[in-house]
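Here are a few exercises to work through with the model open in your viewer. Try each task before you read its solution.

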Amino acid sequence: MGEVVVETARSEKKASLFSPYKMGNFNLSHRVVLAPMTRCRALNGIPNDAMAEYYRQRSTPGGFLITEGTMISPTAAGFPHVPGIFNKQQTDGWRNVVDAVHKQGAVIFCQLWHVGRASHQVYQPGGAAPISSTSKPISKRWRLLMPDATYSPYPEPRPLATHELPEVVEDYRLAAVNAIEAGFDGIEIHGAHGYLLDQFMKDGINDRRDEYGGSLANRCKLLLQVVQAVVAAIGADRVGVRISPAIDHMDAVDSDPRSLGLAVIERLNKLQFESGSKLGYLHMTQPRYTAYGQTETGTYGSEEAMAELMKTWRGAYVGTFICSGGYTRELGVRAVAEGDADLVAYGRLFISNPDLVLRLKLNAPLSRYVRATFYTHDPAIGYTDYPSLGNEPVSRL
């Protein structure tokens, strides 16, 4: 049944950013997705009323939201006040957020996150070193946000022993089970942007000599084990996967991003075929901008080359394909119209425009975001205080 849906979506001549889409068992009314974004408002790691309001504001009937990265374990954090979903208090806090979104008629997935080496001893239990696939630290090109709002270099991580990796897989599985317990419609496995799973996949980071290092198959192994464990726990249709083979954020460079992307896709397709069930989606990031606003296409080529890579990966994947990474209204409309994506995820534009779906549909002016308040801890300023169009007259661009 899933294959028929995908083929229909790809061949639908009138598909647009604002037309309905069936994503597995979910009937979406449009194709504008809230991308996962760290916002640092979960004081002490517990989702709260401010977060419920933030996600409620960005919900629409039949809309699809993906939460900010959510810690799967006590070792997973790399920012101050990010939410977790590995204990009961966190799970109960998320339930209020999910309820607020569901009351608006929207679908919401929880992004499961472990930052790996993109952390600091201050965030780790007992002040231990962050864990990773390697002992190589992130270079001084990148900076780490500390609890006191200063920035620090990244420290040297501790490479995980082979026997520890099943514990990491189990952390993802338990977090997924907790997410369903909290009422989420599904989860997204964050395998992108230089975080833990990406640190295993990229040969510019992974220097292991065990069964998780060296060949493409070995480097993809941990991600696939996580996907398999989570699918077995909650069902394939409730699982999305995010990867970014051509993103060099936090030194996450690979010598052959095209082959890496295709290797992951081949394995996800095979998993779907063997299980007889479709995954919820594959979420791919095009490297237009980093968290610091820098362009990233220089590492692997021009934006045109990156667009062709995205087309290659999209064509290879059997299932719902979400694209993200600096998409404007024009780029999003074009991506869906030309069949380059089924859904388009928007990040920063959604921060300052809680009613982004309406604004894009009307081609209305967009409010500018304030970068300085992206990671503050205020429950309103730069978070829930951005205005909606309301009853104000809409002037077209």
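**Exercise 1.** List what isoleucine 187 touches, leaving out residues up to four places away in sequence, and then place isoleucine 187 in its nonpolar core.

*Solution.* Start with contacts, meaning heavy atoms within 4.5 Å. Isoleucine 187 touches Phe109, Cys110, Leu112, Ala176, Ala179, Val230, Ile234, Arg238, Val239 and Gly240. A word on ground rules: this is a predicted model, where local features need pLDDT of at least 70 and side-chain atom pairs need pLDDT 80 or more, while totals for chains, interfaces and linings use all residues. Residues are numbered from 1 along each chain as its sequence is written, and side-chain values use heavy atoms, with hydrogens and water left out.

Next, the core. A nonpolar core is a set of buried Ala, Val, Leu, Ile, Met, Phe, Trp, Tyr and Cys residues joined through side-chain atoms within 4.5 Å; buried is under 20% relative accessible area, exposed is over 50%, and partly exposed is in between (1.4 Å probe, protein chains only). The largest such core has 106 residues, and Ile187, Ile189 and Leu223 have the most contacts inside it. Helix H6 (residues 216–234) gives the most to this core, with 10 residues. (Helices are DSSP runs of H or I, at least four residues, and strands are runs of E, at least two, numbered from the N terminus.) Apart from this core lies another of 14 residues, including Met23 and Ile322.

**Exercise 2.** Work out which partners the side chain of aspartate 185 has.

*Solution.* First, locate aspartate 185: look in the loop between helix H4 (165–181) and strand S10 (186–191). Aspartate 185 is buried and has no salt bridge, the nearest side chain of opposite charge being arginine 238, 6.6 Å away. A salt bridge would take a side-chain nitrogen of Lys or Arg within 4 Å of a carboxyl oxygen of Asp or Glu. Now try polar atoms. The side chain of histidine 102 makes a 2.8 Å polar contact with that of aspartate 185 (N or O atoms within 3.5 Å, one able to donate a hydrogen and the other to accept it; residues adjacent in sequence count only if both atoms are side-chain atoms). The backbone nitrogen of isoleucine 108 is 2.9 Å from a polar atom of the aspartate 185 side chain.

**Exercise 3.** Is cysteine 40 buried or exposed, and what is its phi?

*Solution.* Find cysteine 40 in the loop between strand S3 (32–34) and helix H2 (49–57). With a relative accessible area of 0%, cysteine 40 is buried. Its phi is near 60°, a positive value in a non-glycine residue. Lastly, check for disulfides (pairs of cysteine sulfur atoms within 2.5 Å): the count is zero. For cysteine 40, the nearest cysteine sulfur, that of cysteine 110, is 16 Å away.

How values were computed: Lys, Arg positive; Asp, Glu negative; His and termini not counted.
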